[in-house]
Amino acid sequence: MPQKYVDQGDPYEKHCIATTESLRKRMGCDASKLLLTFQSRFGFDEWLKPYTDKTIEKLAQEGVRRIAVVMPGFSADCLETLEEIAQENAEIFKHHGGEQFAAIPCLNDSEPGMDVIRQLVAAGIAGVDLGTM
């Protein structure tokens, strides 16, 4: 997402930070083990940082040999997640010394994940404040 959108009030970055903090707490990971990055930049505008590809490259150069990438900002796999994350970033990681790269599938890849999506949609239709779920 372009930085100017966030500067104009888009809550995307705040949502990503809150999700990452929740995952860290739930998984018992600190910020050195569960990183937040942003990808899919194009055009001339400044985009949210840190960039996923540059972070993955740096981690491999620093000696990280295994990495798993999760995309909680995406509820469904799409060309963006499959091409950029699972393929391009895997190549970057391995090219710079990484050995094992795993892209964790999005929610649409499992029945429990689809249950989460169904529950959120049903709650939204019923007028439930999703921030309280």
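**Notebook: helix H3, the largest pocket, aromatic pairs**

I began with Thr-55 and found this residue in helix H3. The model I am reading is predicted.

I looked up whether Thr-55 is buried or exposed. Thr-55 has a relative accessible area of 17%, and buried means under 20%, so I entered Thr-55 as buried. I then listed the contacts of Thr-55, leaving aside neighbours within four places in sequence. The list holds Leu-35, Thr-37 and Pro-50.

**Pocket**

Next I looked up the largest pocket and noted a volume of about 1,600 Å³. Its lining comprises 46 residues, and those closest to the pocket centre are Thr-19, Leu-23, Met-71, Pro-72 and Gly-73.

Which elements give two or more residues to this lining? I wrote down helix H2 (12–27), helix H3 (52–61), strand E1 (66–69) and helix H5 (111–125). H2 gives the most, with seven residues. I also sorted the lining of the largest pocket by class and entered 30 nonpolar, 13 polar and three charged residues.

**Helix H5**

I checked the length of H5, one of the elements in the pocket lining. H5 has 15 residues, and at 1.5 Å a residue these should span 21 Å. The expected span takes one less than the number of residues. I found the end C-alpha atoms of H5 to be 21 Å apart, so the model agrees with the expected span.

I then looked at what follows H5 and noted Gly-127. The phi of Gly-127 is positive, near 85°.

**Aromatic pairs**

How many aromatic pairs does the count come to? I recorded three. I wrote up two of them.

Phe-42 and Trp-47 form a pair at 5.2 Å centre to centre, with 50° between the planes. I entered this pair as tilted, since planes under 30 degrees apart count as stacked and those over 60 as edge-to-face.

I looked up the accessibility of each partner. Phe-42 has 63% relative accessibility and therefore counts as exposed, the cut-off being over 50%. Trp-47, at 9% relative accessibility, counts as buried. My entry for this pair thus has an exposed Phe-42 and a buried Trp-47.

Phe-93 and Phe-101 form another tilted pair, 6.1 Å centre to centre with 55° between the planes. Where Phe-42 is exposed, I found both Phe-93 and Phe-101 to be buried.

Methods. Residues numbered from 1 in each chain as written. Predicted model: local features only at pLDDT ≥ 70, side-chain atom pairs only at ≥ 80, totals over all residues. Heavy atoms only, no water. 1 Å grid on protein atoms, 1.4 Å probe; cavity = no way out; pocket = protein on both sides within 12 Å on 5 of 7 lines; lining within 4 Å. Points joined across faces, edges and corners; volume = space filled by probe spheres on them. Helix = DSSP H or I, 4+ residues; strand = E, 2+ residues; numbered from the N terminus. Nonpolar A, V, L, I, M, F, W, Y, C, P; charged D, E, K, R; others polar. Buried < 20%, exposed > 50% of the residue type's maximum accessible area, 1.4 Å probe, protein only. Contact = heavy atoms within 4.5 Å. Phe/Tyr/Trp six-rings, centres within 6.5 Å; stacked < 30°, edge-to-face > 60°.
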